Amino acid sequence: AAAAVMLLLPMGGCGKTEDPTPDVSYETTDLGGRKIRIYQYGFRKDSINNTDRGRRFMNRVAEIEKAFNCTIDLSEDDNYTAAWNAVMAGKPTFDIMQVSAPHLFSQPATNGVFLDLKQYDAQLHLSSDKWDKAMNENYRLQGRQLAVSTGTSLYENTALYFNKRLVRAAGYDPEQIYQWQEEGTWTWDKFREIAAKIAKLSTASQQIYGCINNDWKLYDDLCVTSGSNWITKDDSGVHFSADKAECVRAMDFMVGMCNDKIIPDKSEFNDYKIFLEGRAGFSPEYLQRMGDKEGYGGMQDDYGVVMFPKYDEKDEYVSINDWYQGWALLTGIEEPEKVALVLAALTDTLYPDQAELDRINESTYLSWVRDEQSLKVFELAAKNTYVSPLKFASPVDSQWQSKLGEILQGKVTAAQALQLQAVYAAQQQRITLSAAVRAAL
């Protein structure tokens, strides 16, 4: 995901005022040669020129330096821990922070590190079409708008990868899966049917799985396609919701697959390697992994990509997006109203021509896929994206994932795990609310 983050913001050079002020569409101000410090998680200089978006943003940063009479300071993210500790201690060394993925938002927000951006509506125009209203809602806490977003990237949407060789060996034509998706009949039951037959291809010398969990993406997708999510969010914070009927149904389905040895009882983050090695039929994964030449892109077996199957009663497929970017202003910065104007300029659209953007995206997707049938997943994901607050839940998420591992390994029952986790989540919610109240005061 860090690779996708690096597409968003390039390194700016030193701005000089001798050049004419560029003709720009956004409001500007004279910063008198001031340095504006921006923190971006995972930023690397050497990759920014590899994409059209990166090159455009390089031009944007240089343009802002001239228009605002400032220098944009964006250093490489070599010491994330030091930067993060400074933020949490209330002593950040930068003005603007990109809250890349929700996990870089929740703790600083409740610790009072971010400014309420509603104070700078005159500069940011929060009600304008530029901002994604649903995303902005995710960054709202206790009535304060603590970050903003222009939307998500399809690169970080999840889909279901399948190994064509193993699908054929199980007695199915890979084209059937595409056809079921097209007809709207690609369901949990058909997914389980194929995965079960793939698992039966196991031999005494090699274990084959029908599917992998891949950092619990399988469970996350089952919950959402069932009709809920095990973490929900409102203005007061995030809430543990795995005891909802829809999520319990998802858990039962996953546990059943584990009991039948269709999925492994492992909980390691890197179990996606089982799929890359050709030992698993299915893998829920981010769409951008298709472009990873050292991973999925370099995988020897041929594979296809479809939407995650839907629960029988549902009409539409759903694609989760749980890694997305927002922007925040830090407390204690000098002239925050002027910095807000810089943020507005940074986030101004890079592609005013939508048709041009569509052509670029289509070219990118074509360069990733191994068969043109997989292209359909991008269109479906764009129409049916579910923006998930899962990573807002830390440390509830890591605690619950350990419980899920214990369930799959038979150490506790699902009911016991839910009861224990609900108590833990309630404790964390009280801590979060208390911190938010202190920050508001």
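Reader: Hi! Where does Asp221 sit?
Author: Hello! In this predicted model, Asp221 belongs to helix H10, which covers residues 217-226.

Reader: Is Asp221 buried or exposed, and what is the nearest side chain of opposite charge?
Author: Asp221 is buried, and it has no salt bridge. The nearest side chain of opposite charge belongs to Lys217, 8.0 Å away. A salt bridge needs the nitrogen and oxygen within 4 Å.

Reader: OK, so which side chain does Asp221 make a polar contact with?
Author: That would be Thr158, at 3.3 Å from side chain to side chain. Setting aside neighbours within four places in sequence, Asp221 also touches Pro284, Phe308 and Ile320.

Reader: Switching topic: how many salt bridges are there in the whole structure?
Author: A search finds 17. One of them joins Arg34 and Asp95, whose closest N and O atoms are 3.1 Å apart. Arg34 is in strand S1 and Asp95 is in the loop between helix H3 and strand S3, so the pair ties together parts 61 residues apart in sequence.

Reader: Nice! Are those two buried or exposed?
Author: Both Arg34 and Asp95 are buried. They are also part of a salt-bridge network with Arg37, Glu335 and Lys338.

Reader: What about Arg192, which residue does that one form a salt bridge with?
Author: With Asp260, the closest N and O atoms being 2.5 Å apart. This pair links distant parts of the chain, 68 residues apart: Arg192 is in helix H9, while Asp260 is in the loop between helices H11 and H12. Arg192 is partly exposed, at 24% relative accessible area, and Asp260 is partly exposed too, at 46%.

Reader: Last one: how many helices and strands does the protein have?
Author: There are 17 helices and 14 strands, and 53% of the 441 residues count as buried.

Conventions. Residues numbered from 1 in each chain as written. Predicted model: local features only at pLDDT ≥ 70, side-chain atom pairs only at ≥ 80, totals over all residues. Heavy atoms only, no water. Helix = DSSP H or I, 4+ residues; strand = E, 2+ residues; numbered from the N terminus. Buried < 20%, exposed > 50% of the residue type's maximum accessible area, 1.4 Å probe, protein only. Lys, Arg positive; Asp, Glu negative; His and termini not counted. Polar contact = N/O pair within 3.5 Å; in protein donor to acceptor, adjacent residues only side chain to side chain. Contact = heavy atoms within 4.5 Å.
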